[in-house]
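Visitor: Could you take me through a small part of this structure, one step at a time?
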Amino acid sequence: MKAAPIELGSWSHWHADERPLRLGVSQCLLGDEVRYDGGHARDRYVTDVLGRWFELVPVCPEVEAGLGTPRATLRLVDEGAGTRLVQPATGADLTDVLAEWSARRIEALRALDLDGFVLKRGSPSCGLERIKVYRAGMPAGRNESGVFARALRERWPALPVEEEGRLNDAGLRERFVERAFCRNRWRTLVARGLSRRALIEFHGAHKLLLLAHDEAGYRRLGRLVGSAGQLPDEELFGAYEAEFQAAMSKNATRKRHVNVMQHALGHLKRLLDPAEKQEVLTCIEDYHAGLLPLIVPLTVLRYLVRRHGVEYLQGQLYFDPHPKELMLRNHA
Ligand code: SF4
């Protein structure tokens, strides 16, 4: 039997120069002095690590909406008429200004077809969650999203979005970057003119990755691809994209990774001698117990997959979904 090209299971096979990986970023995270006090909030992980692999598109809602730098601070306030974005020093209510600007800006960003967005935490414009809402000058105990962050979520729900602070968590970081790479692979296929054959190839390469995130979603996608002949192209591709994004947004937990690796081991079992098999199982168990990072059992499995030329597993992006230099699985 002819072996599958190993590139199918490698992230580099799927990404193309004509459609670079691209993230929107709250501009102050890039080191630009756009904050209310004329400072910045440079985030080295964003600029020095993500910036190596992604084109970074800067967005500062407050400056781009015309507030200037430096400027008086803003806060979310609820005095009984819903949450408003106000500037306490001037009394100005900027809710509508920011909301209208956000709608226009997000439309323009859609034309750039971003793969994700990194937002600045704690900002009443950019913060994704836990932004204080004030009443009568005091925190009112409610936590909401900033005005731009909320608009981004509502108007572009499929876009992977994360705060820079949450990217310090190894699991959240891996999930965000993995989703951005997945989105880029899908959008690259769409840009090239999606075909049923390309869809089947894409789905085939992502099977184990999907299984690690959402087993039920993985099965629904399998049924969708299996019944593809009954659906018009547009309907099929749209339904697949929505279901794929939803499945990938679920957490790939330690337990799910263990299930996937045991599943992969099942494809190898006739090819391994008992000692080899036990070695892999011990590695997976140690990962399950939190004694080893994910990269260790995956590296062992990938070596065995290549050595034994297991065609199905060689085509799985699960073993190589993003550049190893990002070291995303070294701590997860
Ligand atoms: S948090 Fe958002 S609005 Fe504030 S300076 Fe940064 S990019 Fe601009």
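**Strands and a buried residue**

Guide: R75 has V86, in strand β4, as its bridge partner. Please keep in mind that this is a predicted model.

Visitor: How do β3 and β4 pair, and over how many bridges?

Guide: The pairing of β3 with β4 is antiparallel and runs over 4 bridges. The two strands form a hairpin, with 4 residues between them. In that turn, G80 has a positive phi of about 110°.

Visitor: And which residue is the bridge partner of V86 in β5?

Guide: That partner is D93. Strand β5 covers residues 92–93, and β4 pairs with β5 in the antiparallel sense over 2 bridges. β4 and β5 also form a hairpin with 4 residues between them, where G91 in the turn has a positive phi of about 80°.

Visitor: Why is β4 described as largely enclosed by the rest of the structure?

Guide: Strand β4 spans residues 83–87, and 4 of its 5 residues are buried, so the strand is largely enclosed by the rest of the structure.

Visitor: Changing topic: where is D78?

Guide: D78 lies in strand β3, which consists of residues 75–78.

Visitor: Is D78 buried or exposed?

Guide: D78 is buried, because its relative accessible area is 8% and buried means under 20%.

Visitor: What does the side chain of D78 reach?

Guide: The D78 side chain reaches the backbone nitrogen of G80 at 2.8 Å. G80 is the residue in the β3–β4 turn mentioned earlier.

Visitor: Which residues does D78 touch, leaving out those up to four places away in sequence?

Guide: With those left out, D78 touches T83, V133, Y134, R135 and R142.

Note on methods: Residues numbered from 1 in each chain as written. Predicted model: local features only at pLDDT ≥ 70, side-chain atom pairs only at ≥ 80, totals over all residues. Heavy atoms only, no water. Buried < 20%, exposed > 50% of the residue type's maximum accessible area, 1.4 Å probe, protein only. Polar contact = N/O pair within 3.5 Å; in protein donor to acceptor, adjacent residues only side chain to side chain. Contact = heavy atoms within 4.5 Å. Pairing = 2+ DSSP bridges.
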